[in-house]
Amino acid sequence: MEQLLNKIEAYKNEASSTVATDTKTVEEFRIKWLGTKGIVKEIMGEMKNVAPEKKKEAGQLLNEFKQFVEARYAELKDANSTTEHQTSNIDLSLPGDELPIGSRHPVTLMRNRIVSIFQRLGFAVAEGPEIEDDWHNFGALNLPEHHPARDMQDTFYIQQNPDWVLRTHTSSVQIREMEKGNLPIRMLMPGRVYRNETVSARSHCFFHQVEGLYIDENVSFADLKQTLYFFVKEMYGKDVKVRFRPSYFPFTEPSAEMDVSCFICGGDGCNICKKTGWVEILGCGMVHPNVLSNCGIDPNKYTGFAFGMGIERPAMMKYGINDIRLLSENDVRFLKQFTSAI
Ligand code: PHE
């Protein structure tokens, strides 16, 4: 027993002073001490030489020794796994690769700007489908079949179904909102529209609009003008002048087009305003009573105004873009220039 005790003590000292500096020496330690032919196994074999009355005590000692060696092994293993990280070539303190930050499309920036101005007046946003039926794009808007005004907007028809078109304006969403019958309505309809026009630097076969609709009792042309005055002031600054010209749209009566004094030349005349000093920015008018009744709204009780404007042209003026096609080519070198909010 005395002998066993001394042996254990000597082994403990040896195990504690053994060092391992990498995974290989840690494994050597395991094999030497804890392997099937290792020291712990060997010394366990000594049990058979212990006198029966001492077996209990010896068993405890041996178990304790085994645990001691196992703990030492875990310690060495631990120490070496951290050293491995430190000595490998990965520098965990290096900053990561920067992710490229995208930018918003100039059309989106301009759309958001227009929408946010009207939102301050309590307008909510409504959206609708880009493939429309004839009724929502034309019929309900007081443009019956064969009406000559349908030619004002060159329409793309869908081959499979002659009743379907690519919407030529977001007025179709106005109809959808009115049909819901939740009055009053104070809504904006931004979205993409399609017209069969020759693609050039100035016009494209698809573009974007924001239309607006306000319907309640006693809405007048004066409300329309004040709303648009507010918009122009917020959008182009308080010094910009506004004029309304009488116009014609089948869905509004009376109808008007609104010009603002050219914000490029200040009204003196330049290329943008074609030397007139004025830039046309939107069409508007009082919703035609036929349109109201088409949507189940009583025109004797309710009146309303509507307006619609393109987004591309103001965006092009704001950013000095001289070709509308750039806006849909998605060339990243072009698009990444528009990082700032407007
Ligand atoms: N829908 C018209 C267009 O696309 C714009 C408009 C909307 C005009 C509402 C008057 C009233 O040209």
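**Close-up views of the ligand site**

**View 1. Strand β9 at the ligand.** In the shell around the ligand, β9 is the element that gives the most, with three residues. Keep in mind as you look around that this is a predicted model.

**View 2. The shell around the ligand.** Which residues are the closest to the ligand? Among the 14 residues that surround the ligand, the closest are His169, Ser171, Arg195, Gln209 and Glu211. If you sort the shell by residue class, you will find five nonpolar, seven polar and two charged residues.

**View 3. Polar side chains facing the ligand atoms.** Here we zoom in on three side chains, those of Ser171, Gln209 and Glu211. The side chain of Ser171 has an N or O atom 3.0 Å from a nitrogen atom of the ligand. For Gln209, an N or O atom of the side chain is 2.8 Å from an oxygen atom of the ligand. Glu211 places a polar side-chain atom 2.8 Å from a ligand nitrogen atom.

**View 4. Cover of the ligand and the strands around it.** On its own the ligand has 320 Å² of accessible area, and the protein covers 92% of it. Which elements give two or more residues to the shell? They are β5 (206-216), β8 (278-287) and β9 (303-310).

**View 5. Stepping back to the domains.** The domain assignment splits out domain 1 (2-87) and domain 2 (106-335) in the protein chain. Between the C-alpha centres of domain 1 and domain 2 there are 85 Å.

Terms used:
Residues numbered from 1 in each chain as written. Predicted model: local features only at pLDDT ≥ 70, side-chain atom pairs only at ≥ 80, totals over all residues. Heavy atoms only, no water. Domains from an automatic or database assignment. Near = heavy atom within 4 Å. Polar contact = N/O pair within 3.5 Å; in protein donor to acceptor, adjacent residues only side chain to side chain. Areas by Shrake-Rupley, 256 points an atom, 1.4 Å probe, with all protein chains shown as cover. Helix = DSSP H or I, 4+ residues; strand = E, 2+ residues; numbered from the N terminus. Nonpolar A, V, L, I, M, F, W, Y, C, P; charged D, E, K, R; others polar.
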